[in-house]
Every structure is written in C-alpha cells, then in structure tokens.
Amino acid sequence: MTLTEKLLARASGKSAVSAGDNIWVKTDTLMTHDVCGPGTIGVFKREFGADAKVWDAERVVIIPDHYIFTADSKSNRNVDILREFVREQGIKYFYDVIDDPNGTWVFDATKSSLERQYGSNYAGVCHTALPQKGHTRPGEVLFGTDSHTCMAGAFNQFATGIGNTDAGFVLGTGKLLIKVPETMHFRLIGALQPGVMAKDIILHIIGEIGFDGATYRAMQFDGEGASNLSMDDRMTIANMAIEAGGKNGIFEFDEKTREFVDHRCRMNGTRTDYEPVEKDSDEKFVYDSIVDLSKLEPTVACHPDPGNRKLAREMRDLKLDRAYIGSCTGGKTSDFLDFARVIKGRTVKIDTFGVPATPEIVQDLKTEKWDDQSVWDILVNAGVKLTENAGCAACLGGPVDTFGRMNTPMKCISATNRNFPGRMGHKESQVFLASPMTVAASALTGYVTDPRDVL
Ligand code: SF4
C-alpha cells in the first residue's frame with residue numbers, strides 16, 4: 001500500500017484498502033474557520049438537532065482567519081457565531097480574534113490597516129496555525145473546511161478539504177465516508193540551486209501534470225530530495241496539491257517531522273502520541289515520476305491557472321503593477337526571510353504588500369536582526385507595506401476593504417497559491433504565482449524577474 005492507503009486502512013479499522021474502495025474513516029481532527037464554520041454549524045444543528053453535542057469537543061479546532069480585518073459587518077458576525085458555538089459546546093481549541101469570550105468582534109476601520117487589531121489567542125491562517133499550535137500529528141486524519149487543508153500532509157498525515165455538509169456530519173459523528181484515492185508518486189532527487197525554492201518545485205510539478213492532473217488523487221512526495229527539504233518547504237509543496245486537483249499531498253515521516261511535531265505539541269500542551277505510516281516495498285502508483293531538483297529554475301504560474309507554467313527568465317518583459325507576499329503557502333517565517341534576503345538594502349519599485357500568515361511570524365520578523373536591524377524594519381524601509389494583521393488578507397480577495405486586495409484590473413506577482421480569475425479581487429486582474437524570492441526580485445524591478453539576476 002502507498003502512504004495514503006496505509007493511513008486510510010488504519011483509520012477505517014481495516015488491514016488493507018485499495019484505491020477506489022469506499023470506506024468510513026475515523027477523524028482525528030476537524031478544523032473549520034470563519035467562512036465555512038457558520039455554514040457547518042448550521043448543517044450540524046439541522047441534521048443532529050438544536051441541542052446536539054459535537055462528537056468530541058477536544059478534536060474540533062476553530063480558527064478564524066479569512067475575512068477578519070474588514071469593516072464588513074457580516075464577516076465580523078461570522079466570528080461571533082463561532083464564539084457562541086464554542087461556548088455552547090465547550091470546544092477546547094478556539095483561536096479567537098478577541099480575548100473576551102462573551103464579547104463581539106468589531107474591526108476598527110479608523111486605525112491604520114498596518115496596526116495589530118487582535119487579542120492574545122488569535123492564531124492567523126488556519127493551515128499555518130494548525131502545526132504551530134500542535135494540531136498536526138503523523139499518521140492521523142485531518143479534515144478541514146478549506147481546500148488547502150492538504151498542507152498538513154507535510155506531517156505524514158491524511159489531510160484534506162471537505163465541504164460544509166460533510167463537516168457538519170463529522171461534527172456529529174467523528175466519521176466520514178470517503179473513496180480511497182489513487183496515488184501519484186513524485187520522487188524528488190538532487191538539491192535546489194541558489195535562488196530556487198520549494199514553491200518552484202510544486203509550480204514545476206503542477207505545470208507538468210496540469211491544474212486538474214491529480215484530480216481526486218493522492219500526491220506522494222518522497223526520495224532524498226524530499227528528506228533534505230525543511231518542514232516549511234514540505235508544507236509549501238503539500239499545500240498546493242489541491243492546485244493540481246489532488247485529494248491530498250503526503251510526505252514520509254522522519255526526524256525533522258518528529259522534532260517539529262514533538263516540539264509544537266509539548267509547547268502547546270496538545271496530544272503527543274502518534275503513529276506515523278512508513279513506506280511499503282509494494283506500493284502501486286497510478287503515475288510515477290522523478291523530479292531532479294538541481295535542474296529546476298525559478299518558475300511562474302501565469303494567469304489564469306496554477307498549471308500555466310513558464311520560467312521567470314522567459315517573462316522579463318511582463319510589466320507588473322503589484323507584488324504580494326503572504327498566505328499559508330508563502331507567508332511563513334522562512335518565506336519572509338528569503339524574500340528579505342533579496343530586498344535588503346534596496347527599494348521596491350511597485351506597490352508591494354506583505355501579510356505574515358500568523359502573529360508568531362510577525363514576532364519572528366520583528367525579533368530577527370540582521371546588522372542590528374529587524375527583518376521587519378528592513379522590509380518596511382525598502383517600501384514594503386507590511387501589516388501586523390496576520391491572516392488570509394487578499395489571498396482570496398475578500399471584502400473591498402481587505403488589505404492588499406486588487407480593486408481594479410492589474411497585474412500582480414504573488415507568493416500565494418491560486419490564480420484563477422478574480423481570486424485576489426477584481427475579476428479582470430491577473431495573478432502570477434511565484435516563489436517569495438521571485439516576488440521580491442520582481443518587486444525591485446517592476447517586471448517579472450528571475451531572482452538569480454539580482455542576488
Ligand atoms: S491564506 Fe489563502 S489559501 Fe491559505 S487558507 Fe487563507 S485564503 Fe486559503
């Protein structure tokens with residue numbers, strides 16, 4: 001069996017499963033957020049009754065992160081609906097925007113959009129917050145009401161996005177009927193050259209197979225090239241499995257996984273027991289490929305889909321209006337540090353927005369010092385509009401007052417993960433997906449730029 005099949009066999013209580021089997025699996029964690037949480041709660045109450053209790057109040061994790069820093073009252077209300085549900089159900093893990101458990105959330109639009117407006121429990125973008133807060137464990141099943149839930153596959157777990165109806169059912173029962181996906185195998189060999197990042201690996205792969213090339217399939221990444229990647233890099237790759245239509249992305253468990261997970265679980269007081277799945281010798285794949293990382297170059301997914309691949313050096317004539325770094329894919333500490341290495345000591349030529357994925361990342365950037373200057377200040381001094389309000393921000397457009405949203409047609413190079421028309425705001429705007437270093441280099445020139453040209 002493949003890693004995904006082994007994991008699902010265990011979660012369904014069977015000794016073996018095959019691709020195509022329909023099985024009931026036990027949920028280890030269900031995550032929801034402010035956009036899909038209220039709908040999920042509605043389904044749960046409708047199907048299980050107004051007084052029903054969730055199957056396990058310690059396995060539901062609620063992370064408001066999407067439409068938070070906006071004056072849109074309906075979006076603010078969604079956060080309040082989550083808080084009321086948490087109170088009623090006694091849900092243990094709720095990363096509220098405000099500290100008062102009986103309060104209401106109102107965004108203060110009179111303050112600068114760059115200034116922090118959240119309390120001490122707020123955790124930022126759900127997929128980045130889940131591992132930081134100790135909710136990702138090898139060998140487990142994570143369902144989330146968000147398509148990029150697949151990011152947690154970096155931790156050797158089966159993690160996938162589900163709709164509100166399925167999530168309402170999981171809330172009531174802790175189980176879900178799913179079809180075992182076929183597995184596509186990507187064996188990574190070699191090492192990345194300077195200026196090339198994990199984002200380039202996944203953009204290259206999606207370019208190979210197309211934005212629907214892995215539809216309802218598991219994408220398994222292994223080999224020595226994968227072992228050499230950091231956990232952040234693995235997260236970037238697993239995150240974008242869905243951009244090829246993948247059901248999930250999954251990596252092998254190793255010492256790096258153990259170190260990350262154990263540290264985060266201990267730090268946050270979450271469960272530390274888990275059982276990873278290991279590779280079998282008789283894995284059967286529906287697709288098998290070798291990706292030589294040493295041959296990859298800075299890559300861009302052009303408007304209008306994540307599979308529309310070109311090399312950054314082939315796009316030097318494409319003039320840009322905006323650059324954006326942020327999101328679960330490209331807003332981690334390591335992403336910002338690589339971005340800053342390119343930007344340091346220079347000035348951006350176009351509007352450049354930076355949104356750290358989580359408050360912890362904001363802190364990291366403020367405390368990391370290079371030549372007596374924080375990375376935060378280095379970026380601000382270079383002209384980057386950097387906000388303390390960690391969250392999804394303009395990654396998916398959002399209400400019109402969302403930080404970094406494209407409200408007019410324009411061309412933007414972005415470290416995010418999705419570029420279908422309208423994704424980051426105006427439906428005639430164009431989004432070009434790239435690595436944080438390529439975004440940085442392009443911000444400096446105003447054209448799509450290979451970071452090796454400016455390093
Ligand atoms: S940062 Fe973007 S991709 Fe990630 S969860 Fe938020 S909206 Fe989705």
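**Exercise 1. Packing of helix 3**

Work out which elements the buried residues of helix 3 pack against in this predicted model, and where on the helix those residues sit.

*Solution.*
- Start with the partners: in this predicted model, the buried residues of helix 3 pack against helix 2 (37–48), strand 3 (60–62) and strand 4 (93–94).
- Next, pick out the residues themselves. Ser 75, Asn 78, Val 79, Leu 82, Arg 83 and Phe 85 are the buried ones in helix 3.
- They span an arc of only 165 degrees around the axis, so they end up on the same side of helix 3.
- The spacing makes sense if you remember that an α-helix has 3.6 residues a turn, so residues three or four places apart point the same way.
- Now flip the helix over: the face turned away from the buried side of helix 3 holds the exposed residues Ser 73, Lys 74, Arg 87 and Glu 88.
- As a geometry check, helix 3 runs over residues 73–89, 17 residues in all, and its first and last C-alpha are 24 Å apart, close to the expected 24 Å.
- Finish at the end of the helix, where Gly 90 comes just after helix 3 and has a positive phi of about 70 degrees.

**Exercise 2. The shell around the ligand**

Find which residues come nearest the ligand, and say which domains the shell draws on.

*Solution.*
- There are 13 residues around the ligand, and Ser 327, Cys 328, Cys 392, Cys 395 and Leu 396 come nearest.
- Sort the shell by class and you get 6 nonpolar, 6 polar and 1 charged residues.
- For helices, look at helix 4 (126–132) and helix 10 (327–330), as each supplies at least two shell residues.
- For domains, the shell takes at least three residues from each of domain 1 (3–177) and domain 3 (302–453).

**Exercise 3. Where domain 2 touches domain 3**

Describe the contact between domain 2 and domain 3, and say which helix gives the most to the domain 2 side.

*Solution.*
- Set the bounds: the domain assignment gives domain 1 (3–177), domain 2 (182–252 + 275–295) and domain 3 (302–453).
- The C-alpha centres of domain 2 and domain 3 are 24 Å apart.
- The contact uses 16 residues of domain 2 and 19 residues of domain 3.
- On the domain 2 side, helix 6 (198–209) and helix 8 (231–239) each supply at least two residues.
- Helix 6 gives the most to that side, with 6 residues.
- By class, the domain 2 side splits into 5 nonpolar, 7 polar and 4 charged residues.

**Exercise 4. Backbone oddities**

Locate the cis peptide bond before Pro 304, then say whether Asn 156 is buried or exposed and do likewise for Tyr 216.

*Solution.*
- Keep the baseline in mind: most residues other than glycine have a negative phi, and most peptide bonds are trans.
- The bond from His 303 to Pro 304 is cis, with omega near 5 degrees.
- Pro 304 belongs to the loop between strand 12 (299–301) and strand 13 (309–311).
- Asn 156 has a positive phi, near 65 degrees, and lies in the loop between strand 5 (141–144) and strand 6 (158–161).
- Count neighbours for Asn 156: with 27 other C-beta atoms within 10 Å, it is buried, the cut-off being 20 or more.
- Tyr 216 also has a positive phi, near 50 degrees, and lies in the loop between helix 6 and strand 9 (217–222).
- Tyr 216 has 13 other C-beta atoms within 10 Å, so it is partly exposed.

Conventions. Residues numbered from 1 in each chain as written. Predicted model: local features only at pLDDT ≥ 70, side-chain atom pairs only at ≥ 80, totals over all residues. Helix = DSSP H or I, 4+ residues; strand = E, 2+ residues; numbered from the N terminus. Expected span 1.5 Å × (residues − 1). Buried ≥ 20, exposed ≤ 12 C-beta atoms within 10 Å, placed from the backbone. Arc of directions from axis to C-beta. Contact = placed C-beta atoms within 7 Å. Near = placed C-beta within 6 Å. Nonpolar A, V, L, I, M, F, W, Y, C, P; charged D, E, K, R; others polar. Domains from an automatic or database assignment.
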